[in-house]
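Reader: I am new to reading protein structures. Could you walk me through one, feature by feature?

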Amino acid sequence: MLQVQFIRDNKDVVLEGLAKRNFANAEAIINDVLKFDETRRSTQVSLDNVLADSNKLSKEIGMLFKSGEVQKANLLKEKTSQLKESGKELTEQLNDVTTKLQDLLYQIPNVPHASVVAGTSEEDNEEVFKEGTIPNLGEKALPHWELAKKYDIIDFDLGAKISGAGFPVYKGKGARLQRALINYFLDKNTSAGYNEVQVPHLVNEASGFGTGQLPDKEGQMYHVTADDLYLIPTAEVPITNLYRGSLVKEADLPITLTGYTPCFRREAGSYGAHVRGLNRLHQFDKVEIVRVEKPENSYEALNGMVEHIKGILRELKLPYRILRLCGGDTGFTAALTFDFELYSTAQERWLEISSASNFETFQANRLKLRYKNSEDKNQLAHTLNGSSLALPRVLAAILENYQTPEGIKIPEVLVPYCGFEIIN
RNA sequence: GGAGAGGUGGCAGAGUGGUAAUGCAGCAGCCUGCUAAGCUGUCAUCCUUCGGGAUGCCCGGGUUCGAAUCCCGGUCUCUCCGCCA
């Protein structure tokens, strides 16, 4: 959520930014925000004055009662009724305009970083980095869902039986490889200084709101209605919300966290070939990194996260590229996002496996996550997160790119974690 | 699931109807050469014509001229009992 003050002071910047996202009716909405904000403030001034008068009267009445001048006190009491009424009216007006203002603010996405280009879809994303060699697998290369069947390591039908489509069952070496990846990722992250946490997989509404999933993206999350809890779509939600409502010390920044969780997504509306196999699931595993930073350091931190993720992909020896998302493809809450994509040789397409974003103060404003700055003022922190990494598509790419006539070779760095060198 | 207690500033902790003590920590200034102390201010949010004003004691209602305090509903934490990995 943008701060009203920021919109008030930087209307042009906001409008330019929203234009890059192709955000409809930006000008009208921003003008409404400014209008409601002005009404809100002037209403508050009027209300404050009424309340001040009535506080004064109350004090006088109290004094009069104390000194036994009951009649005078009762006379004053009558005067308060009028103030009460106008106070009530103004309070209603204030609540009304505040709600309207909030509702609008919830609808406005983050202002993209200066480096983000305008664009409407993934077509406009900019490739900023590419590395690794795409193996030549020949004609007989199989997509991972066929490999999974051939070696009996992932069973989609069994998952469909017990839950539904999009809930795979990992078996044998498949399960072990999955666990190896989780441990490998966590080890990489903790050795880079991220503190490991294990967090709940169900969160309350306030947490969903804090990181921006609610109220808008409600349909993307599984909702346990009996207890009003949401299954997390990403560890970003519980981990970032650890600091909801916190006032942290400047010396404690940056806060760097990592955690493994399953992620649950309803993926309402998805269909077709592109969701085959592991490409899009309702439940998948992911290791996440989260940072809370001072504003002046947040972009350097984002670069650091990108470099960190690069290091992991290099070790896995998978061909990948990095995209800087265009305005239209950048998530609602992010100011700048880099997507990492692996090349799946058998599917002949790029698969998104990580997304690293700087949210600047957008989440912090909702979370009320502040720190005391050097001037001893409370200031909103910047939040960032990135996947390191999302498991299924990494697994898919490993299966596909490492397939040989003898079986699927395990990337060298994973062998100690797996305890075997080949799936055959 | 049952019973009880509780939720007050960054932290600790008073306050049972008259408008949020006090301590610690932090910040600014003053002062003092004795390893740091003392004094003053500041130290939640919003508004402001920069004089101030309003709000704020878990959340939402209510009673009252006036609510941290009384009433109703919710929520969370703790203790005990029950059940249980």
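Author: We will take sheets, helices, cores and backbone details in turn. Keep in mind that this is a predicted model.

Reader: Let us begin with the sheets. In what order do the eight strands of the open sheet lie?

Author: Read a sheet by strand order, not by sequence order. Here the order is 1-11-12-13-16-10-9-4, and the pairing is mixed. The edges are strand 1 (126–131) and strand 4 (195–196), each pairing on one side only.

Reader: How do strand 10 and strand 16 run, parallel or antiparallel?

Author: They run antiparallel. Seven bridges join strand 10, residues 283–293, to strand 16, residues 382–390. For a single pair, look at V292: T383 of strand 16 stands opposite.

Reader: Which strands does helix 7 touch where it packs on the sheet?

Author: Helix 7 touches strand 4, strand 9 (255–264), strand 10 and strand 16. Next, check direction. Helix 7 makes an angle of about 5 degrees with strand 10.

Reader: And which strands does helix 10 lie across?

Author: Helix 10, residues 298–316, lies across strand 1, strand 10, strand 11 (320–324), strand 12 (336–344), strand 13 (349–360) and strand 16. Its angle to strand 16 is about 5 degrees.

Reader: How many strands are in the sheet with the order 5-7-6?

Author: Three, and their pairing is antiparallel. Strand 5 (202–203) and strand 6 (223–224) are the edges. Two bridges link strand 5 to strand 7, residues 229–231. In one of these pairings, V203 has Y230 of strand 7 as its bridge partner.

Reader: Now the helices. What length is expected for helix 7 at 1.5 Å a residue?

Author: Compare the end-to-end reach with the expected one. Helix 7 covers residues 172–191, 20 residues in total. From first C-alpha to last it reaches 29 Å, close to the expected 28 Å. Try helix 10 as well: its 19 residues reach 27 Å, close to the 27 Å expected.

Reader: Which residues of helix 7 are buried?

Author: The buried residues are G174, L177, Q178, A180, L181, I182, Y184, F185, L186 and N189. In helix 10, the buried set includes A301, L302, M305, H308, K310, I312 and L316. Notice that H308 and K310 are on that list.

Reader: How do I describe two helices that pack together?

Author: Two packed helices are described by the angle between their axes and the distance between those axes. Take helix 2 and helix 3. Their axes come within 10 Å and cross at roughly 150 degrees. The crossing is right-handed. Helix 2 makes the contact with K11, V14, L15 and L18, and helix 3 with A26, E27, I30, N31 and L34.

Reader: On to the cores. Which residues touch the most other members of the largest nonpolar core?

Author: F185 and V394 do, in a core of 56 residues. Helix 10 gives the largest share of this core, eight residues. Another core lies apart, with 20 residues, among them M1, V4, I7 and F362.

Reader: What does F185 touch, leaving out residues up to four places away in sequence?

Author: F185 touches V287, I312, L316, S388, L389, L391 and V394.

Reader: Last, the backbone. What should I look for?

Author: Most residues other than glycine have a negative phi, and most peptide bonds are trans. Look for the exceptions. N22 has a positive phi of about 65 degrees, though it is not a glycine. N22 is in the loop between helix 2 (11–20) and helix 3 (26–66). N25 is in the loop between helix 2 and helix 3, and its phi is near 60 degrees.

Reader: Why does N25 count as exposed?

Author: Exposed means over 50% relative accessible area. N25 has 60% relative accessibility, so it counts as exposed.

Reader: What phi do the residues just after helix 7 and helix 10 take?

Author: Just after helix 7, G193 has a positive phi of about 105 degrees. Just after helix 10, K317 has a positive phi of about 55 degrees.

Reader: Where is the cis peptide bond with P254?

Author: That bond joins L253 and P254, with omega about 0 degrees. P254 is in the loop between strand 8 (247–248) and strand 9. The peptide bond from S388 to L389 is cis too, with omega near 0 degrees. L389 belongs to strand 16.

How values were computed: Residues numbered from 1 in each chain as written. Chains lettered and ligands numbered in written order. Predicted model: local features only at pLDDT ≥ 70, side-chain atom pairs only at ≥ 80, totals over all residues. Heavy atoms only, no water. Helix = DSSP H or I, 4+ residues; strand = E, 2+ residues; numbered from the N terminus. Expected span 1.5 Å × (residues − 1). Buried < 20%, exposed > 50% of the residue type's maximum accessible area, 1.4 Å probe, protein only. Pairing = 2+ DSSP bridges. Contact = heavy atoms within 4.5 Å. Axes fitted to C-alpha atoms, helices over the stretch in contact; angles between N-to-C directions. Core = buried A, V, L, I, M, F, W, Y, C linked by side-chain atoms within 4.5 Å. Left-handed = near helix turned anticlockwise from the far one by under 90°.
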